[in-house]
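Student: I would like to learn how to read a fold from its contacts, its sheets and its buried residues. Where should we begin?

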Amino acid sequence: MVPRAVVRREITAAEGRDRSRGLTCSILRAMKIAVCVKVVPDGQLRLDPHSKRLDRSGEGTLNAFDVNAVEEALKLKESGPDVEEVVIVSVGPERGLEAMRKALAMGADRVLLVSDEAAAGSDLVATSRVLGAALEREGAELVLFGQQAGDSDGAVLWAAVADRLQRPLISQVAELTRENGKVRGKRQTEYGYDVLEAPLPAVIAVSDAINEPRYPSLKGIMGAKKKPQETLSLADVGVDSGEAGEAGSRTEVYALGDPPARGDTVKIEDDGSGAEKIVQFLQEKKAL
């Protein structure tokens, strides 16, 4: 379980008294939201038999779950005047910037991509190390993730990053609110709903049920090309090359193999006696 972190920066209103007018004014401290995204293959997934990694040589697209996280960050910015910017953070090859521009077209303010040949082949451990370093550099109070990636479906990177940052974590969030330096996440369970609260800074992983992402407008698409798109190396974020890529990974793929062939199948036509035929088949297989 990720430990609760000490609040390093509380997002509250600093109250001051304007005696000449007898008014109470509030000075809101600017807040930054970082959204971690992944560029995944656009099409059928294929493993490269030589590198034993997922083949990423084709076109890439923004992970669908991460688009929900981008949308939620934009909604928070639109509803809170204290949100200064929404920055998109990712690790991967430089060509991934093209897919990440979708987030800029939706309304995000800028993109930060850590791209380094030494990071190729990073597993969960190495990727979380690089992402954590980039997020520490950004100093964002709220970090959003999509619940999982469409290529690996691991649904665990956000937990690893939260652990590295030593921040509280709420996952599978289907409804998110923020108030008085805290975030509150509501998630559905088989028994109803859980409502969890955490102090900022925090890490949140959202589900695809949280919102319906907006479509980028033509104006947004054109404007995305002019927004800041920063590319950094491992050294820029303070990560040694030996701590990323295959050298910094803790898992290794030894071999790839085809799945076992399926056994003989029996197709049963339901002419009104389907149930009896199924029972008879199971009895023959000694499954009943």
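Tutor: Begin with the contacts, bearing in mind that this is a predicted model. Among contacts in the protein chain with a separation of 6 or more, 69% join residues 24 or more positions apart.

Student: How many helices and strands are in the protein chain?

Tutor: The protein chain has six helices and 14 strands.

Student: What share of the residues counts as buried?

Tutor: Of the 288 residues, 38% count as buried. The accessible surface of the chain is about 17100 Å², and carbon and sulfur atoms hold 49% of that area.

Student: How do I read a sheet?

Tutor: Strands of a sheet pair through backbone hydrogen bonds, in either a parallel or an antiparallel manner. Here, one open sheet has three strands in the order β10-β11-β12, with antiparallel pairing.

Student: Which strands stand at the edges?

Tutor: β10 (175-179) and β12 (192-199) do; each has a single partner strand, so one side of each lacks a neighbour in the sheet. On average, neighbouring strands of this sheet are turned by 20° against each other, direction ignored.

Student: How many bridges join β11 and β12?

Tutor: Eight bridges join β11 (residues 182-189) to β12, in the antiparallel sense. In one of the pairings, Arg184 has Glu197 in β12 as its bridge partner.

Student: Is Ser171 buried or exposed?

Tutor: Ser171 counts as buried because its relative accessibility is 13%, and the cut-off for buried is under 20%. Ser171 lies in strand β9 (residues 169-173). Apart from neighbours within four places in sequence, Ser171 contacts Gln147, Trp158, Arg187 and Ala205.

Note on methods
Residues are numbered from 1 along each chain as its sequence is written. This is a predicted model: local features need pLDDT of at least 70, side-chain atom pairs count only at pLDDT 80 or more; totals for chains, interfaces and linings use all residues. Side-chain values use heavy atoms; hydrogens and water are left out. Helices (H or I, at least four residues) and strands (E, at least two) are DSSP runs, numbered from the N terminus. Buried means under 20% relative accessible area, exposed over 50%, partly exposed in between (1.4 Å probe, protein chains only). Contact means heavy atoms within 4.5 Å. Accessible areas come from the Shrake-Rupley method with a 1.4 Å probe; for residues, only the protein chains shown count as cover. Two strands pair if DSSP finds at least two bridges between them. Axes are lines fitted to C-alpha atoms, for helices over the stretch in contact, and angles run from 0 to 180 degrees between N-to-C directions.
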